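Welcome! Here is a short briefing to read alongside the sequence and the model. Please have both in view as you go through the points below.

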Amino acid sequence: MKRIALFPGSFDPITIGHESIVRRAVGLFDEIIVSVGQNSTKQGFFSMETRLEWLRIVFEDLPSVKVTTYKGLTVDYCKEAGAGFILRGLRTAADFEFERSIGQMNKKMLPAVETVFLLSSPEYTPISSSIVRDIIRFGGDASEFVPSKLRDLINKQPYQL
Ligand code: ADP
């Protein structure tokens, strides 16, 4: 059976921290689905189209990585996509506490799916989408915190928000 992992997130925008998790996980799974969750309570900064386009650009060299979007519960999307694993990154103890409750609730709802955590590489631990967003919002240079393929694009605002 194919080992399919879902890497769900907001990716608003994708950072080098996210990219590193996916590249490190490529050897662990036959397929990784990087999917932008459409969360009704979280209004995105970048449009869904922009986030998906950037994800596609970043992972275009990896044939086993797919980019999608989903609505609703992550476990329901796992069933739909045939994913047996949920991939998440861990930076800090705060991430751990947050991920623990989500992971344990997901396990209750769908016992067949295992959540797999990769520890952030130390150099990427302080990087978050929210800080990158603030840098962009206030006209700073965020290029060193985003994947190299986006470095020229990201500072070329206005991008479609
Ligand atoms: P969410 O809104 O679901 O937290 P994010 O896009 O912020 O979505 O994050 C998606 C996943 O990537 C989460 O598991 C998060 O912990 C992980 N992640 C975010 N930033 C980093 C980073 N710098 N290094 C490693 N993992 C990260």
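A polar backbone atom of Gly89 comes 2.7 Å from an oxygen atom of the ligand, and that contact is a good place to begin. Please keep in mind that this is a predicted model. The ligand's surroundings come next, followed by a ring pair and then by a loop with two backbone features worth a look.

**Contacts with the ligand**

- Phe11 also meets a ligand oxygen through its backbone: one of its backbone N or O atoms lies 3.0 Å from that oxygen.
- Ser120 uses its side chain instead, with an N or O atom there placed 3.3 Å from a nitrogen atom of the ligand.
- On its own, the ligand has 550 Å² of accessible area, and the protein covers 89% of it.

**The shell around the ligand**

- The ligand takes up the space of the largest pocket.
- Four elements each give two or more residues to the shell: the strands β1 (4-9) and β4 (85-90), and the helices α1 (16-25) and α4 (93-109).
- In total, 17 residues surround the ligand, and Gly89 is among the closest, together with Ser10, Lys42, Tyr124 and Ile127.
- Sorted by class, the shell is a mixture of six nonpolar, six polar and five charged residues.

**Aromatic pairs**

- How many aromatic pairs are there? The count comes to five, taking rings whose centres lie within 6.5 Å.
- Phe29 and Phe85 form a tilted pair, because their ring planes stand at 50 degrees, with the ring centres 5.3 Å apart.
- This pair links distant parts of the chain, as Phe29 sits in the loop between α1 and β2 (31-38) while Phe85 belongs to strand β4, 56 residues apart.

**The loop between β1 and α1**

- Phe11, the residue whose backbone contacts a ligand oxygen, is found in the loop between β1 and α1.
- Which backbone angle of Phe11 deserves a look? Its phi is positive, at about 45 degrees, although Phe11 is not a glycine.
- Pro13 is found in the loop between β1 and α1 too.
- The peptide bond that joins Asp12 and Pro13 is cis, with an omega of about 5 degrees.

How values were computed. Residues are numbered from 1 along each chain as its sequence is written. This is a predicted model: local features need pLDDT of at least 70, side-chain atom pairs count only at pLDDT 80 or more; totals for chains, interfaces and linings use all residues. Side-chain values use heavy atoms; hydrogens and water are left out. A residue is near a molecule or strand if one of its heavy atoms lies within 4 Å of it. A polar contact is a pair of N or O atoms within 3.5 Å; within protein, one must be able to donate a hydrogen and the other to accept it, and residues adjacent in sequence count only if both atoms are side-chain atoms. Accessible areas come from the Shrake-Rupley method with a 1.4 Å probe; for residues, only the protein chains shown count as cover. On a 1 Å grid over the protein atoms alone, a cavity is a set of points where a 1.4 Å probe fits but cannot get out, and a pocket is an open set with protein on both sides within 12 Å along at least five of seven lines; lining residues have an atom within 4 Å of a point. A molecule sits in a cavity or pocket if more than half of its atoms lie within 2 Å of its grid points. Ala, Val, Leu, Ile, Met, Phe, Trp, Tyr, Cys and Pro count as nonpolar, Asp, Glu, Lys and Arg as charged, and the others, Gly among them, as polar. Rings of Phe, Tyr and Trp (its six-membered ring) pair if their centres lie within 6.5 Å; planes under 30 degrees apart count as stacked, over 60 as edge-to-face and the rest as tilted.
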